[in-house]
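Colleague: I would like to go through some helices and strands of this model. Please keep the answers short.

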Amino acid sequence: MIEYDWRPEQAIKSLNRILPEVEKTFANKLGQAPNEWHQFKNRLHREWERLFICLHQLYGWQYDFFYTLQRLLYTLVQYWLKRPAELKLLDEKREADPLWFLSEKVVGGVLYVDLFSDNLAKLDDHISYFKKLGLNYLHLMPLFAVPKGDNDGGYAVSDYRAINPDIGTMEELSKLAAALRDEGISLVLDFVFNHTSDEHIWAQKAKSGNPDFMAYYYTYPNRELPDQFQKYLREIFPAVRKGSFSWCEEMKRWVWTTFNSFQWDLNYTNPEVFRAMAEEMLFLANQGVEVLRLDAVAFIWKRLGTNCENQPEAHTIIRAFNAMAKIVAPSLLFKSEAIVHPDDVIQYIHPDECQLSYNPLLMSLLWEALATRETKLLEYSMRHRYPIPAGCTWVNFIRCHDDIGWTFDDQDARNVGIDPAAHRKFLNKFYTGDYPGSFSKGVPFQFNADNGDVRISGTFSSLAGLEDAILKQDDELIQRAVRRINLLRSIIVSIGGIPLLYIGDEWGMLNDYTYLTDPTIVNDSRWVHRSRKRWNAREDLTDQDTLEWRFFHEMVKLFDLRKKLPALQNGGMEVIHTGNHHLFGYIRMFSDQKILIVNNFAEEPQKMDADHLNACGIKGDVVNLINHDVLSSGKDLVLSGHQSVWLDIS
Ligand code: GLC
C-alpha cells in the first residue's frame, strides 16, 4: 500500500499561514517593489515544499516546529530585502542560464589572500594577472576573523561577518567581488559550517554558561557519551591530539571538536543553529559570493554507533540550505568538500544539494599513476566513478591547500590486482622520497602511530620531481619533472569539469620549509605548500628564459585551447581501452565535436595501436591539437615519455 504523503499539503498550508503576517510586517518595503516581490514569491512557492520536507525531517519532531518555519521565512525575506540590486540582476542572468558553470570557458584558481597579495586591497591590483591566466572563478581561502596563532589556516572562524583585520574589511571584500564580477570572474569563498572557533561569540556565551548557546554545540558533563561516540570515530588530526572531544575548563564540560580543540562542532539538531548558519550563508551571498565551498560536509550530523560521517541528515541540511539559497540568492552555487570514500563523495552531488564537487579521487589517482607509471587503477576507477548527475560538475585539481590522502576504493584496487593496504604504504613511501628511485619531495602529514596511516603534503612541482631535480642540478631530471607537470595539467584541463589551479602552481612553486621555524604551525606540514614565495609575474612575463615563464605560458596555452573546444564542456567522458597499461585515454564529445585524449604515464615512449584507435572511431588523418602534429590514417599512435595528445577525431 502506498502511504499517503501529507507533507505537500501541509507545506502550502503553513506557507499560507505565515506569509500574510510577513507581508504585513514588511508592507512598506514590499510595496515599493511589487514586481520583485512577485518574483521572490514565485521562487518561494517553487522551493517551499522541498524546504518544508527537509526541515520536517530534521526538526518536525520538535514541539515548536511551526515557530522554526516562521523564523526561517522571516530570515528569507529579510535577506532578500537586503540583497543589493546588482546581485538581483545577477540572479536574473543566472536563472536565464543556470548551467553556465558547465561551460568549457570556466577555469578556476584558488589562493590565500595574505600569502598572495598581503591583503584584500592589494588583490585588486592582480585582477589583470588572473585575466592573463584566463581565470573566471576565483576561490579565496578563508579570510574571516580567527583566533591569533593557530587557527587551522583560517578554518576556525570567530565571526563570519568580519574579515581578519590583517587581511582587510568586509566592505573591501564586497568591493572586490564587484570588481571581479565586472571582469567576468566569480568569487568563491568557504562556508565553514561544521564548526566555529572557540572564540566565536556563540562559543563565548556558551562558555559563560548561557544554556541557549551551550545548545549551539555538543557539550557533555562527563566522558560517558564521548566515550561511546569515540569508539567509532576517525581521528582527523591524530598527530596533534587524540580523540574528538576537548575539555573546556570554563564550562567544565567536554566539547565535540572533530578537528582541532579550538574548532567546536555546531549542533545541527538545534534548529536555531540551522537558522543562524543559514543567515551567515545568505549574508555571504549578499556580499557577492557566487560559489560557497561547503567545508567538511561529511561531519555535520552525529549518530551514536556510527562514525558520524556522511549521515543522511548531513544531506538534508545541505538540501535545506540549497532551497533557501534558491529562494533568496538563486545565483549562489555550492561546492562540496567531502574528502571521504568515493561512494560517499558522490552522494553530495546533485542540483538540489551541491552542484559542484571537488574530485579527490581523480587527484589521488593521478599521483598514484605518476608513481607507478601504470594506469590500471586510474582507468578502472574513472570508468565507473566519473559519471555524476546532470547539471552538476566536478572541480578537478592536482593540488590544493590540503594534504593528499589515498581515498581510492579497496575493492577497485583488488579488482585490478592491487593490494590496497600495501599500495597505500608504497605510495606514502614514494611520495616522501623514501623509496628507491622516487623523484618526490613530499612531507608526511598526520602520522598516526596507532595504525601507521599518514597523508602527504607538498607542492605540485616538488611532488612531481622538480625540487629534487633542481637540487641535483640535473637538466635531464628537470625536463622529466616538467613533462610530468604538463601531463597532469593536461588531464585536469581536458577531462571534464572545472580545472582548479592552486595559485603558485602556474609558475612551478616549490616546497617552502619556513613553516618549521614557526611554533604555531610547525606540526602542520600542510604549510610546506602554503607559501609566501611569489613570482613577480608582471615583470617576468617578458623573461622567456625562466622555467617559471615557461610553466606560466604553457598553463595559459592549455586554458586557451580548452576554451576553444566545446567538446571539453562538462558532459560525457568515456574512458577508452588503449591496449597499453601505461596509457590513460578518454573521449570528450559535444554535438559534432569529438576529441580523443591519450596520456602516457611512462618515461619511455608508448604506443596505442591502430586497432585500438580505430575502435575509438578515428577516420582518416587526425590532428593533435596541442602541437598540430598529424597522425596519418591507419598508423599507430606513438607518445613520447609523459606526452599528452588531444586528437580531433570529429
Ligand atoms: C577542511 C579544510 C581543511 C581544514 C578542515 C577543518 O577539510 O580543507 O584545511 O583543516 O576542513 O576545517
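Colleague: Why do the end C-alpha atoms of helix α9 (residues 170–182) lie as far apart as they do, and what is that distance?

Modeller: This is a predicted model, where local features need pLDDT of at least 70, side-chain atom pairs count only at pLDDT 80 or more, and totals for chains, interfaces and linings use all residues. Residues are numbered from 1 along each chain as its sequence is written, and side-chain values use heavy atoms, with hydrogens and water left out. Helices (H or I, at least four residues) and strands (E, at least two) are DSSP runs, numbered from the N terminus. The expected span of a helix is 1.5 Å times one less than its number of residues, so the 13 residues of α9 should span 18 Å, which agrees with the distance between the end C-alpha atoms: 18 Å.

Colleague: Which residues of α9 are buried, and what arc do they cover?

Modeller: Buried means under 20% relative accessible area, exposed over 50%, and partly exposed in between (1.4 Å probe, protein chains only). In α9 the buried residues are Met170, Leu173, Leu176, Ala177, Leu180 and Arg181. They lie on the same side of α9 because the arc around the axis, taken from the directions from the helix axis to the C-beta atoms, is only 135°.

Colleague: Which residues are exposed on the other side of α9?

Modeller: Just after α9, Gly184 takes a positive phi of about 80°. On the other side of the helix, the exposed residues are Glu171, Lys175 and Asp182.

Colleague: Which residue of strand β5 (residues 186–191) stands opposite His139?

Modeller: Two strands pair if DSSP finds at least two bridges between them. Strand β2 (residues 137–140) is joined to β5 by 3 bridges, and the two run parallel. β2 is also joined by 4 bridges to strand β1 (residues 108–111), again in parallel, where His139 is the bridge partner of Val110. In β5, the residue opposite His139 is Val188.

Colleague: How many residues of strand β25 (residues 644–648) are buried?

Modeller: Strand β20 (residues 593–600) is joined to β25 by 5 bridges and runs antiparallel, with Ile597 opposite Trp646. Strand β22 (residues 622–624) is joined to β25 by 2 bridges, also antiparallel. β25 is mostly covered, and of its 5 residues the number buried is 4.

Colleague: Against which elements do the buried residues of helix α19 (residues 420–431) pack?

Modeller: The buried residues of α19 include His423, Phe426 and Tyr431. With contact meaning heavy atoms within 4.5 Å, the buried residues pack against α16 (360–372), α18 (410–415), β16 (455–457) and α20 (460–463).
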